[in-house]
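Please keep the sequence and the 3D view open while you read this note. The points below can be checked one by one.

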There are 2 protein chains.
Amino acid sequence: MNQMRDDDIASVMRALGHPVRLSILRILAEQDAGDCCCTDVTQCLPLAQSTVSQHIKVLLDAGLVERQAKGTRNCYKLRTDRLAEFNSACSGLFAGLATTVSPVKELA
Amino acid sequence: MNQMRDDDIASVMRALGHPVRLSILRILAEQDAGDCCCTDVTQCLPLAQSTVSQHIKVLLDAGLVERQAKGTRNCYKLRTDRLAEFNSACSGLFAGLATTVSPVKELA
DNA sequence: CTGGTTCATCGGCAATCAGCGATAGAGAAT
DNA sequence: ATTCTCTATCGCTGATTGCCGATGAACCAG
């Protein structure tokens with residue numbers, strides 16, 4: 001039901017198309033239990049805080065991460081629903097690409 | 001065995017991070033049976049030939065497409081092996097992100 | 001050799017990206 | 001009120017991207 005269009009898929013792909021942002025997702029996943037704020041992430045990376053903040057914003061805009069104001073800090077966590085959605089959209093895309101004219105006829 | 005590193009995943013993601021390039025993959029998939037050269041693709045898109053050629057080059061560099069000199073033309077087709085590899089790398093990535101500290105312990 | 005087709009590449013242009021330091025605003029604590 | 005921490009945003013730089021038209025190489029047909 002929840003079909004992602006090519007534009008949506010492409011923009012999520014672009015958001016994921018940077019190694020630092022993949023690292024950020026991993027960091028958030030590891031520290032998912034507790035709170036994970038921007039400086040926490042920054043301390044795991046050899047980058048300035050402002051740079052990390054901007055990468056996080058990209059992930060936010062792509063809907064892959066959500067913000068929770070928790071006391072003083074802003075805490076971030078993964079939107080696993082969106083990740084799953086994107087994952088299945090990917091699989092669908094690739095399945096559609098692989099199965100076309102050539103091999104066995106698929107069941108519509 | 002064939003683990004893709006984050007850098008590899010990210011560069012494939014970047015290659016897929018443009019709607020036109022997704023369209024090109026779809027076009028190649030449809031016309032996979034026959035030959036599909038650059039002008040064929042161009043005629044399916046509202047873009048100049050040079051632009052399409054450059055998009056194809058991005059896909060080539062990412063290893064998602066291969067070139068076959070066929071007579072006069074250059075024919076392109078999908079590298080379904082690479083697509084599958086990337087797809088499983090994605091699934092692995094997302095699975096790793098979803099399953100961390102919280103729920104059931106996974107079998108290493 | 002001449003002419004047609006295909007296509008990769010070059011040069012140029014505007015827009016976007018990735019990085020940084022600096023700054024300002026929002027809360028908490030003193 | 002003052003001071004601390006946290007962090008989003010601004011301004012700047014250089015690099016990359018996306019698009020185009022034009023050019024030239026490669027190839028086949030006359």
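1. A salt bridge is a side-chain nitrogen of Lys or Arg within 4 Å of a carboxyl oxygen of Asp or Glu. Keep that cut-off in mind for the next pair. B:Glu66 and B:Lys77 form a salt bridge through their side chains, at 4.0 Å from N to O. B:Glu66 sits in strand 1 (residues 65–70) of chain B and B:Lys77 in strand 2 (residues 73–78) of chain B, so the salt bridge ties together parts that are 11 residues apart in sequence. Be aware that this is a predicted model.

2. Are the two partners buried or exposed? B:Glu66 has a relative accessible area of 30%, so B:Glu66 is partly exposed. B:Lys77 has 32% relative accessibility, so B:Lys77 is partly exposed too. Side chains of opposite charge can pair when their charged atoms come close.

3. How many salt bridges does the structure hold? Over all chains there are 12. Two from chain A are worth a look. A:Arg5 pairs with A:Asp8, and their closest N and O atoms are 3.7 Å apart. A:Arg5 is exposed, at 57% relative accessibility. A:Asp8 is partly exposed, at 27%.

4. The other chain A example is a salt bridge between the side chains of A:Arg82 and A:Glu85, at 3.7 Å from N to O. Both residues lie in helix 5 (residues 80–98) of chain A. They are 3 residues apart, which is about one turn of the helix. Compare this with the pair in point 1. There, B:Glu66 and B:Lys77 lie in two strands of chain B.

5. Now turn to the contact between the protein chains. 28 residues of chain B touch 28 residues of chain A. Together the two chains bury about 2600 Å². Of that area, 69% is on carbon and sulfur atoms. The rule finds 2 salt bridges across this interface. A:Asp6 and B:Arg26 form a salt bridge, with their closest N and O atoms 2.6 Å apart. The count of residue pairs in polar contact between the chains is 4.

6. Which parts of chain B face chain A? Helix 1 (6–16), helix 2 (19–30) and helix 5 (80–98) of chain B each supply at least two residues to that side. Helix 5 of chain B gives the most, with 9 residues. By class, this side of chain B has 16 nonpolar, 7 polar and 5 charged residues.

7. Next, DNA strand C. It is surrounded by 20 residues. The closest are A:Thr51, A:His55, B:Cys37, B:Ser53 and B:Tyr76. Both protein chains appear in that list. Look at the DNA atoms within 4 Å of the protein: 64% belong to sugar or phosphate, and the rest to bases.

8. Three contacts to DNA strand C can be found in the view. A polar side-chain atom of B:Gln49 is 3.1 Å from a base nitrogen of DNA strand C. The side chain of B:Ser53 has an N or O atom 2.6 Å from a phosphate oxygen of the strand. A polar side-chain atom of B:Arg67 is 3.1 Å from a phosphate oxygen of DNA strand C. Two or more residues of the surface near this strand come from each of these elements: helix 4 (49–61) of chain A, and helix 3 (38–43), helix 4 (49–61) and strand 2 of chain B. That surface has 5 nonpolar, 11 polar and 4 charged residues.

9. Finally, DNA strand D. Which residues come nearest? Of the 20 residues around it, they are A:Cys37, A:Ser53, A:Tyr76, B:Thr51 and B:His55. Among the atoms of DNA strand D within 4 Å of the protein, 60% are sugar or phosphate, and the rest belong to bases.

10. Chain A supplies contacts to DNA strand D. A backbone N or O atom of A:Cys38 is 3.3 Å from a phosphate oxygen of the strand. A polar side-chain atom of A:Gln49 lies 3.1 Å from a base nitrogen of DNA strand D. For A:Arg67, a polar side-chain atom is 3.3 Å from a phosphate oxygen of DNA strand D. The surface near this strand counts 5 nonpolar, 11 polar and 4 charged residues.

Technical notes
Residues numbered from 1 in each chain as written. Chains lettered and ligands numbered in written order. Predicted model: local features only at pLDDT ≥ 70, side-chain atom pairs only at ≥ 80, totals over all residues. Heavy atoms only, no water. Buried < 20%, exposed > 50% of the residue type's maximum accessible area, 1.4 Å probe, protein only. Helix = DSSP H or I, 4+ residues; strand = E, 2+ residues; numbered from the N terminus. Near = heavy atom within 4 Å. Polar contact = N/O pair within 3.5 Å; in protein donor to acceptor, adjacent residues only side chain to side chain. Nonpolar A, V, L, I, M, F, W, Y, C, P; charged D, E, K, R; others polar. Contact = heavy atoms within 4.5 Å. Buried area = accessible area lost by both parts, 1.4 Å probe.
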